[in-house]
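Open the model in your viewer with both the cartoon and the side chains available. The stops below are arranged so that each selection leads to the next.

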Amino acid sequence: MIPNSDLEELYQQVLLDHSRRPRNFGELSEADATEAGEKVVKVQGDNPSCGDEIVVSVKLADTGLKLADIKFTGQGCAISQASASLMTIKTKGRSRAEVEELIAAFHDLITKQTENPPDILGDLQLLQGVWRFPQRVKCATLAWRALEQALREGSASVVTTEVEG
Amino acid sequence: MTSDSVNWEAVRADFPILHQEVRGNPLIYFDSAASSQKPRQVIDALTRYYEHDNANVHRGLHELSSRATDAFEAARNKVAKFLNAASADEIIFTRGTTEGINLVAQAYGTRYVKEGDAILLTEMEHHSNLVPWQLLAERTGASLRFVPVLEDGTLDLSKLPELLTPEVKIFSFTHISNSLGTVNPVADLCRAARAVGAISVVDAAQSAGHLPVDVQALGCDFLALSGHKMCAPTGIGALYGRAEVLEKTPPYHGGGEMIVSVSLHKSTYKEAPHRFEAGTPNIAGAVGLGAAVDYLESIGRQNIAAHDGELVRYAQQRMEADVPGIRIIGPRDRSGLVGFVMESAHPHDLTTYADRYGLALRGGHHCNQPLMKKFKLPGTSRASFYFYNTKEEIDRMITILQEAARFFS
Ligand SMILES: Cc1ncc(COP(=O)(O)O)c(C=O)c1O
């Protein structure tokens, strides 16, 4: 069979590696918020059309202005798992403003052809191939939508909500 | 059983959509369990209806209205014969299986199911034969019970005596599982239901177009089917209801077509089936369903079942022999579909991969989330066959699956 360049761009070895050995895999609990101004927020993301599930937990510091820690658990396809894994690496330790900038840049990257992706994306550019597979955008954004929701809900001490991907 | 008497190549030629390339590869359509393709005969019947006979039914006194009415009622007769119903009055046109089951749950269920009663289902039901009963249970205070599914994908019938007790008012189950391919012993289940005074409801979405279905031989009270899975257009289906049960079932939707007389505070309703068909029906859809029934009868459902069976056995054997890391889910003895998981690839990734080579598979939970949970699967990939598919297409699928196994490992 003739190799398909879209598939090769989408499923690069590094991406498959992230999906098989996801980084920052796990959950944070209330006990992880030890300092004043810290809180842990958990959001479950579901993709009802395919059954993928992800739980993103974040520790917000500086009364919500900084994403001090982030982990995820869940199961799903290579794209949703690798996207979540890369997301945790790229967002951990960043300010809220930077994370919001990343979310927007990432969304652009996977939904339209991008000539010069912004540097801030770094390794997230691995997921650029998704734009050629509109049916898979939901997989790539599942964890991100949960993160967005977590940022919005940085008020209560432990919040568990659900979003649909 | 062989299907040699049919010229399958000529049959395949009846389906215009199959003769195209997808992304530079010949289309291989292995998703007929989700929706089948339509033969030219059905497409032509729709065109003919719209170009010559279209009007509202049962209303006008003019020529076109009587032609439309005749075509609509002729389709009802065809469906009745197709299912061997005792009378065409036992056939209600619906939008599909989902609406058929909702009709039974809402119209019959609301009247006859009370708090303390039970509704018996199985663990392999499609969401459309689960959620309507959950809603009914919530409304009435009845409880739901489930016949378990065994590891091999068949029903655990040893549990039936303790589950099917006199509290059960409705036993609703699928004829063929859309994810496992299991063919359930419908006649036995209907007989068991009747023995405790429960009515039986059969989900025939996956069976009606694939094997002979005889409602009298099965002994069911209701049976629901979807036209689009048996060569007819989308948006049309049928619900069979045994006359005796339909007679005592109150209306479903209210509106025109279903009434005898209406005053401001009260109406009287027509007999079945019109009592259950409020509003202008999907007339063209019914005409298309009638044409699909004619088409399937011209091939013969015995022949279709035999052909599906040959394909699925061939696919199963080649997948097991020639594709590394594949596990087939469900019983050996199956209808024309095969659900499987590949060690190295999630069903979605595999489906995306296959699509790039023109192969249409379904990947996911197949509207069987509880069943997938039970088997601890994130979902499966499914190849489903119909009589227009060929062994050559299966050979091409095997090559694609082999390449995918390499690609993702
Ligand atoms: C076993 C089974 N039941 C019910 C349905 C629902 O059919 P429809 O969506 O046509 O109403 C399906 C279709 O996917 C099915 O496979």
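Select strand 16 and strand 17 (residues 380-384) of chain B: the two pair in the antiparallel sense over 3 bridges. To see one of the partnerships, pick B:Gly364 and then B:Thr380 in strand 17 of chain B, which is its bridge partner. Keep in mind throughout that this is a predicted model.

Now widen the selection to the whole sheet. It is an open sheet of 4 strands in chain B, in the order 13-14-17-16, with antiparallel pairing. Which strands stand at the edges? Strand 13 (326-329) and strand 16 (362-364) of chain B do; each has a single partner strand, so one side of each is left without a neighbour in the sheet. Look along the sheet to judge its twist: neighbouring strands are turned by 30° against each other on average, direction ignored.

Add helix 12 (residues 347-356) of chain B. This helix packs on the sheet and touches strand 14 (337-342), strand 16 and strand 17 of chain B. The direction of helix 12 makes about 160° with that of strand 16 of chain B.

Stay on helix 12 and show the side chain of B:Arg356, together with that of A:Asp6. These side chains meet in a salt bridge, 3.1 Å from N to O. B:Arg356 lies in helix 12 of chain B and A:Asp6 in helix 1 of chain A, so the pair joins two chains. Over all chains, the count comes to 34 salt bridges; between chain A and chain B it is 3.

Next, select the rest of the contact between the two chains. Here 25 residues of chain A are in contact with 17 residues of chain B. The area buried between chain A and chain B is about 1,700 Å², and carbon and sulfur atoms give 54% of this area. Between the two chains there are also 10 residue pairs in polar contact, both residues being at pLDDT 80 or more.

Finish by colouring the side of chain A that touches chain B. Helix 1 (5-10), helix 2 (13-20), strand 2 (52-61) and helix 3 (78-91) of chain A each supply at least two residues to that side. Which element gives the most? Helix 1 of chain A does, with 4 residues. Colour the residues of this side by class, and they divide into 13 nonpolar, 5 polar and 7 charged.

Methods
Residues numbered from 1 in each chain as written. Chains lettered and ligands numbered in written order. Predicted model: local features only at pLDDT ≥ 70, side-chain atom pairs only at ≥ 80, totals over all residues. Heavy atoms only, no water. Contact = heavy atoms within 4.5 Å. Buried area = accessible area lost by both parts, 1.4 Å probe. Salt bridge = Lys/Arg side-chain N within 4 Å of Asp/Glu carboxyl O. Polar contact = N/O pair within 3.5 Å; in protein donor to acceptor, adjacent residues only side chain to side chain. Nonpolar A, V, L, I, M, F, W, Y, C, P; charged D, E, K, R; others polar. Pairing = 2+ DSSP bridges. Axes fitted to C-alpha atoms, helices over the stretch in contact; angles between N-to-C directions.
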